Amino acid sequence: MEANGFHVVLVEDDNICLKVVEQLLRKLSYRVSTASDGAAALKVLADCKQRGDKVDLILTDILMPEVRCGQAWSQARRATSGRGTWRRVQCAVLGGQGLD
């Protein structure tokens, strides 16, 4: 898939990791919106939807403060459900620590 125009919402609570992944995605010509936790991600998604700005992928850390990944994903699916460009937003999960 051509990256140009592909919109990724990146959710990561570690600021260094957020900046590194954001720069990598931008270098590969992806459009990137960022959020530092699940609650902020839901706001980003709501703002994008209100503007009619399609989101193609939510790339999220699995361990985050405030709202857990599963909760955020469930809420994001509800927030982005509907017709047209928001019908099938995909989600990929990142994790750098073991799950205990």
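User: How do you know which strands stand at the edges of the open sheet with the order β2-β1-β3-β4?

Analyst: In this predicted model, the four strands pair in the parallel sense in the order β2-β1-β3-β4. β2 (31–35) and β4 (90–94) each have a single partner strand, so one side of each is left without a neighbour in the sheet. From one strand to the next, the twist averages 20°.

User: What makes β1 and β2 a pair?

Analyst: Two strands pair if DSSP finds at least two bridges between them, and β1 (residues 7–11) is joined to β2 over five bridges in the parallel sense, so the criterion of at least two bridges is met. Within β2, Ala35 is the residue that stands opposite Val11.

User: Which strands do the helices lie against, and at what angles to β2?

Analyst: Helix α1 (residues 15–27) lies across β1, β2 and β3 (57–61), and runs at about 165° to β2. Helix α2 (residues 38–51) packs on the sheet and touches β1, β2 and β3, its direction making about 140° with that of β2.

User: Why is the set that includes Val9, Val44 and Ile58 called a nonpolar core?

Analyst: The term requires buried residues of the nonpolar kinds, joined through side-chain atoms within 4.5 Å, where buried means under 20% relative accessible area. The largest such core has 10 residues in all, including Val9, Val44, Cys48, Ile58 and Val89, and α2 gives the most to this core, with four residues. Apart from this core lies another, of nine residues, among them Leu10, Val21, Leu25 and Val32.

Definitions and conventions: Residues numbered from 1 in each chain as written. Predicted model: local features only at pLDDT ≥ 70, side-chain atom pairs only at ≥ 80, totals over all residues. Heavy atoms only, no water. Helix = DSSP H or I, 4+ residues; strand = E, 2+ residues; numbered from the N terminus. Axes fitted to C-alpha atoms, helices over the stretch in contact; angles between N-to-C directions. Contact = heavy atoms within 4.5 Å. Buried < 20%, exposed > 50% of the residue type's maximum accessible area, 1.4 Å probe, protein only.
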